[in-house]
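The exercises below ask you to work through pockets, an enclosed cavity, charged pairs and some backbone details, each followed by a solution in steps. Keep the sequence and the model open while you read.

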Amino acid sequence: MKHPIKTLSLAVCLASSVVLPAQGAEQRIMLKMPIAFNSKLPSVGTTATYIEETLNTTSGGSIRVKKYEPGKLIAPFEILDAVSAGKVSAGFGSPGYWVGKIPAASVFSSVPFGPEAGEYMAWVYHGNGRKLWQEMYDTNGYNVHAIPCAVVAPETSGWFSKPIESAEDLKGLRMRFFGLGGEVMQKLGVNTSLLSGAEIFPALEKGAIDATEFSMPVIDQMIGLHKVAKYNYYPGWHQQATLLELLVNKKTWNKMSETQQALVETTCRSAMAVSFAEGEALQFAAMNKNIEKNGVHNLRWSDEMLDLFRTTWEEVAAEKSAADPFFAKAYGDLQGFREEYKIWKENAFMPRRPE
């Protein structure tokens with residue numbers, strides 16, 4: 001009698017001998033991938049390494065990914081233009097970095113008082129989010145194929161050198177702030193600027209800015225924000241969830257076989273789960289360390305301040321919708337999805353504990 005394991009092994013080998021020639025016939029694709037965030041930073045950076053390692057392994061060598069740390073090949077804010085022009089074949093970063101070129105880009109990154117991760121992904125994959133995301137680049141003349149490729153846990157909403165108890169305390173502050181939330185802060189009298197992660201600590205230390213927000217507690221801790229500011233505010237009303245993307249030059253994308261394209265798409269779908277789980281797992285230890293060892297005060301915005309941020313955001317959203325038709329289209333679609341989702345959110349989830 002033949003041993004079943006040996007028989008199975010032989011079958012696998014025979015199957016492999018049939019598949020391998022087809023793989024060998026595929027055109028080999030090299031993806032040079034500059035990234036917007038240091039690869040040591042959890043979720044926002046480690047996901048790039050996950051993409052690199054996963055595709056290099058699962059493609060059997062038909063796709064080769066080489067990531068480049070921020071600024072080593074392309075500066076973070078130049079990734080979209082570089083991928084579109086074919087200077088590099090791919091790039092990993094945040095749609096929110098392109099708002100100076102495309103006002104609607106932040107809708108596909110993070111929205112103040114916007115959806116949490118599950119709701120955001122529902123809109124992207126099962127609403128019109130993914131279709132609109134690509135349409136945004138196409139209608140603005142960018143030669144890229146965009147793939148949602150990470151979702152980041154909630155961020156904190158600011159590091160300050162003193163408590164912020166009223167709108168008056170914000171006026172005149174020089175603050176690094178991201179995306180649409182930055183426009184809210186501008187309306188409240190804050191002088192905002194968008195700095196990359198590597199620029200924030202030096203700017204705070206030298207007094208070029210007075211305050212900042214950047215990311216989740218563990219990442220903020222890694223770049224040392226607790227050393228120059230001791231008051232960290234929650235919740236991250238401006239970024240309850242943040243989407244990141246893999247951009248692939250369209251010419252490169254069209255050269256890929258259907259199998260190669262499917263591998264890239266599947267890798268990004270798995271990266272969504274991996275990035276979110278990592279972000280959720282690391283925050284509580286960082287927060288406790290900040291309290292116990294770093295002298296940080298974790299503070300929650302008052303209801304009055306959150307109401308102020310919300311009403312100001314509604315003003316910003318209305319202005320941006322009036323000024324840019326595609327922003328109105330994308331944001332309106334997201335809001336329509338959220339309105340339908342509301343009955344599920346309000347009934348299925350446990351209510352938050354009152355303060």
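**Exercise 1. The largest pocket**

Which element gives the largest share of the lining of the largest pocket, and how many residues come from that element?

Solution. Bear in mind from the start that this is a predicted model. Begin with the pocket itself, which has a volume of about 1,600 Å³ and is lined by 45 residues, with G114, E116, Q240, K345 and R352 lying nearest its centre. Next, list the elements that give two or more residues to this lining, namely α4 (117-126), α10 (258-292), β11 (297-300), α11 (303-323) and α12 (325-348). The largest share comes from α12, which provides 8 residues. Finally, sort the lining by class, which yields 20 nonpolar, 8 polar and 17 charged residues.

**Exercise 2. The second largest pocket and the largest cavity**

Determine what volume and what lining belong to the second largest pocket, and then do the same for the largest cavity.

Solution. Take the open site to begin with: the second largest pocket holds about 200 Å³ of space, and among the 13 residues that line it, F37, N38, P70, G197 and A198 are the closest to its centre. Its lining divides into 8 nonpolar residues, 4 polar ones and 1 charged one.

Then turn to enclosed space, where the structure holds 1 cavity of 30 Å³ or more. About 120 Å³ of space lies in the largest cavity, whose lining consists of 13 residues, with F37, E155, F178, F214 and Q239 nearest the centre. By class, this lining comprises 7 nonpolar, 4 polar and 2 charged residues. Comparing the two lists of central residues, you will find F37 named for the second largest pocket and also for the largest cavity.

**Exercise 3. Salt bridges across the sequence**

Which parts of the chain are tied together by the pair R130 and E265, and which by the pair K187 and E319?

Solution. The model contains 13 salt bridges in total, and two of them serve here as worked cases. In one, the side chains of R130 and E265 meet with a nitrogen-to-oxygen distance of 2.9 Å. R130 belongs to helix α5 (residues 129-139) and E265 to helix α10, so this pair ties together parts that are 135 residues apart in sequence. E265 has a relative accessible area of 19%, and because the limit for buried is under 20%, E265 counts as buried.

In the other case, K187 forms a salt bridge with E319, and the closest N and O atoms are 3.0 Å apart. Since K187 lies in helix α6 (residues 179-187) and E319 in helix α11, the pair ties together parts that are 132 residues apart in sequence. Both partners are partly exposed, K187 with a relative accessible area of 39% and E319 with 44%. The last step is to widen the view, for K187 and E319 are linked with E315 in a network of salt bridges.

**Exercise 4. Helix α12 and the segment after it**

How far apart along helix α12 are K342 and E339, and which residues form a nonpolar patch on the surface?

Solution. K342 forms a salt bridge with E339, with 3.4 Å between the closest N and O atoms. The two residues are 3 positions apart in helix α12, so about one helical turn separates them. K342 is partly exposed, at 33% relative accessibility.

For the patch, the residues are I343, W344 and F349, which together have about 380 Å² of accessible area. F349 is placed in the segment after α12 and is partly exposed at 46% relative accessibility.

**Exercise 5. Backbone details**

Where does a cis peptide bond occur, and are S43 and F113 buried or exposed?

Solution. The cis peptide bond joins Y234 and P235, with an omega of about -10°, and P235 lies in the loop between β9 (231-234) and β10 (242-249).

Next, consider phi: S43 is not a glycine, yet has a positive phi of about 65°. S43 sits in the loop between β1 (29-34) and α2 (46-58) and is buried, at 0% relative accessibility. F113, likewise not a glycine, has a positive phi of about 55°. This residue lies in the loop between β3 (90-93) and α4, and at 16% relative accessibility F113 also counts as buried.

Technical notes. Residues numbered from 1 in each chain as written. Predicted model: local features only at pLDDT ≥ 70, side-chain atom pairs only at ≥ 80, totals over all residues. Heavy atoms only, no water. 1 Å grid on protein atoms, 1.4 Å probe; cavity = no way out; pocket = protein on both sides within 12 Å on 5 of 7 lines; lining within 4 Å. Points joined across faces, edges and corners; volume = space filled by probe spheres on them. Helix = DSSP H or I, 4+ residues; strand = E, 2+ residues; numbered from the N terminus. Nonpolar A, V, L, I, M, F, W, Y, C, P; charged D, E, K, R; others polar. Patch = residues over 30% accessible without salt bridge, like charges linked within 9 Å, V, L, I, M, F, W, Y side chains within 5 Å. Areas by Shrake-Rupley, 256 points an atom, 1.4 Å probe, with all protein chains shown as cover. Salt bridge = Lys/Arg side-chain N within 4 Å of Asp/Glu carboxyl O. Buried < 20%, exposed > 50% of the residue type's maximum accessible area, 1.4 Å probe, protein only.
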